[in-house]
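This briefing walks through one protein, moving from its overall form to its sheet and then to a single side chain. Please keep the sequence and the structure in view while reading.

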Amino acid sequence: MGPRTSFYIETFGCQMNERDSETISALLAEEGLEPTPHPETADIIILNTCAVRESAEAKVWSRLGKLHALSRENEPVFVLAGCMAQLPETLERIKKKVPYVKVVSGPGNIHRIPELAKKARSDEKRRLFAAVSPPRSGVARDESTQILPEGLPRKNIPGVSAFVTIMYGCDNFCSYCIVPYVRGPQVSRLPEDVIRESRDLVERGYKEITLLGQNVNAFGLDFGAPGQERLGFAGLLRELNRIQGLYRIRYFTSHPRDFTKEMVDAVAACEKVCEHFHLPVQSGSDRILRAMNRGYSKGQYLDLASYIRETVPGASITTDIIVGFPGETEEDFQETLDVVRRVRFDGAFTFIFSPRKGTAAAKMKGQILRSEKSERLQRLVDVQSEITLERNKAMVGERVEVLVEERDQKDPDVWRGRTRTNKMVLCEGDPGSSLLGCLVEVEVREAGLWYLKGQVKRVLVN
Ligand code: SAH
Ligand code: SF4
Ligand code: F3S
């Protein structure tokens with residue numbers, strides 16, 4: 001018997017893609033293929049890609065070139081999966097310039113990768129096999145859904161924290177964003193399927209789940225058929241909160257427009273739901289927020305943040321911000337800085353606006369110079385970093401609950417985990433004893449921008 005066919009996979013972009021890569025790996029493993037960490041000897045190389053910004057795409061093309069160079073002797077089949085696969089320009093470029101990519105598969109078609117890769121490997125004509133969903137043209141709901149079949153396998157390894165997709169796609173069409181085009185319309189999974197998957201994970205030993213969707217607060221709003229239970233996001237949280245053996249529930253991403261006070265109350269009432277709110281504000285200027293099609297004003301966002309602070313004491317609030325949206329003036333940018341200073345975010349992912357072909361914002365007048373955008377980004381990062389550091393330093397001396405996820409790569413006596421508020425903690429425990437998967441109480445001794453450091457005081461749950 002010859003050696004087994006091996007595959008190597010690299011994932012770009014958000015948690016959705018990480019979750020999808022788990023399914024791709026599991027499907028290939030079910031077919032008898034062997035995962036390998038060595039691209040140079042792999043028979044199949046899969047890149048699960050992201051299209052959210054130009055830089056994300058550039059990274060994929062450059063990586064593809066490098067992987068091709070180092071695996072050339074082996075002539076692997078390259079698979080380009082994920083969000084970039086849905087862009088017509090990607091397919092054109094592959095046909096013209098990247099002949100070694102033999103399979104292209106959009107996010108709604110990843111379950112077909114094993115079959116297509118197999119075909120490509122044995123195809124004498126060396127054709128390109130593509131499985132992509134029909135393009136979504138307008139700013140409206142359509143029937144070109146990109147949902148995956150229920151019951152697909154996932155990587156069968158014991159772990160601490162797992163992702164659970166609760167909805168596919170997005171209907172928001174924020175004017176800068178490519179995601180609704182590459183991921184298709186919003187479709188929620190049935191609550192019972194989500195609950196069953198979560199229970200399964202807990203039985204396999206997972207202590208934390210993260211519910212995934214582009215707009216989790218809108219969970220269930222797309223259930224249309226009569227008789228279909230309309231369990232919204234708050235209801236789903238309450239159901240999941242009853243699962244015995246589950247310790248933490250997170251969710252990602254929420255949209256400020258759909259984050260109702262009822263949902264904040266549900267978070268406060270459900271002891272397993274973590275006190276962390278990731279609420280992408282994008283901009284603090286009402287004019288820009290309107291042009292972005294976000295559906296809330298600066299005032300509404302600030303109200304929501306205050307309600308969270310009152311209702312869930314000790315909660316962390318993080319955000320995403322885009323600078324240099326078309327037409328953004330210095331005054332608009334000052335409004336953004338004002339939100340940052342008023343909310344005092346625990347952290348922010350900050351981005352330079354990247355025009356994406358096919359989106360409304362790419363065609364808008366008043367595109368900002370690259371140098372101007374970079375300069376604003378730097379000022380924003382400076383303001384936010386100072387706040388993040390202050391907030392983290394204020395935690396020195398506190399005792400926090402940490403779920404230990406892994407051993408530190410540099411120091412084997414140090415464990416890495418996260419607080420309920422999603423701060424990374426480097427914990428020092430008793431040398432020699434394993435804390436993997438434990439919930440521990442840690443006294444914070446030191447704080448930086450990206451981490452806290454502390455001493456394990458006691459093990460809460462083994
Ligand atoms: N569904 C999530 C966002 C997914 S994309 C939400 O609505 O919050 C993650 C982040 O990328 C967005 O929040 C936004 O800040 C940023 N982003 C999206 N499109 C972008 C673009 N064209 N240029 C720059 N940043 C962008
Ligand atoms: Fe993009 Fe807006 Fe949908 Fe988020 S909510 S994925 S930013 S369109
Ligand atoms: Fe990127 Fe697709 Fe996620 S575009 S951010 S990988 S949904």
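Helices here are DSSP runs of H or I with at least four residues, and strands are runs of E with at least two, both numbered from the N terminus. In those terms arginine 19 lies in helix 1, which covers residues 15-30. The model is a predicted one, and the points below take up its overall form, its parallel sheet and the surroundings of that arginine.

**Overall form**

- The secondary structure of the protein amounts to 12 helices and 19 strands.
- The radius of gyration of the protein is 23 Å, which agrees with the value near 23 Å that a compact globule of 462 residues would have.
- Measured out along the principal axes, the C-alpha trace extends over about 65 × 60 × 50 Å.
- Of the 462 residues, 55% count as buried.
- When contacts between residues at least 6 apart in sequence are considered, 74% of them join residues at least 24 apart.

**Surface and charge**

- The protein exposes about 21200 Å², and carbon and sulfur atoms supply 50% of that area.
- The protein carries 66 positive and 64 negative charges, and the mean positions of these two sets are 3 Å apart.

**The open parallel sheet**

- Six strands form an open sheet in the order 2-1-3-4-5-6, with parallel pairing.
- The edges of this sheet are strand 2 (34-35) and strand 6 (129-131), each of which pairs on one side only.
- Strand 4 (residues 77-82) runs parallel to strand 5 and is joined to it by 4 bridges; across this pairing, leucine 80 stands opposite valine 104 in strand 5.
- Strand 5 also pairs with strand 6, again in the parallel sense, over 3 bridges, and here serine 105 stands opposite alanine 131 in strand 6.
- Strand 5 (residues 101-105) is largely enclosed by the rest of the structure, because 5 of its 5 residues are buried.
- As a general point, side chains in a regular strand alternate between the two faces of the sheet.

**Arginine 19 in helix 1**

- Arginine 19 has a relative accessibility of 8% and therefore counts as buried, the cut-off for that class being under 20%.
- Leaving aside residues up to four places away in sequence, arginine 19 touches Arg154, Phe163, Thr165, Glu197 and Leu212.

Methods: Residues are numbered from 1 along each chain as its sequence is written. Chains are lettered from A and ligands numbered from 1 in the order in which they are written. This is a predicted model: local features need pLDDT of at least 70, side-chain atom pairs count only at pLDDT 80 or more; totals for chains, interfaces and linings use all residues. Side-chain values use heavy atoms; hydrogens and water are left out. The radius of gyration is taken over C-alpha atoms; the globule rule is 2.2 Å times the number of residues to the power 0.38. Buried means under 20% relative accessible area, exposed over 50%, partly exposed in between (1.4 Å probe, protein chains only). Contact means heavy atoms within 4.5 Å. Accessible areas come from the Shrake-Rupley method with a 1.4 Å probe; for residues, only the protein chains shown count as cover. Lys and Arg count as positive and Asp and Glu as negative; His and the chain ends are not counted. The place of a charge is taken as NZ of Lys, CZ of Arg, CG of Asp or CD of Glu. Two strands pair if DSSP finds at least two bridges between them.
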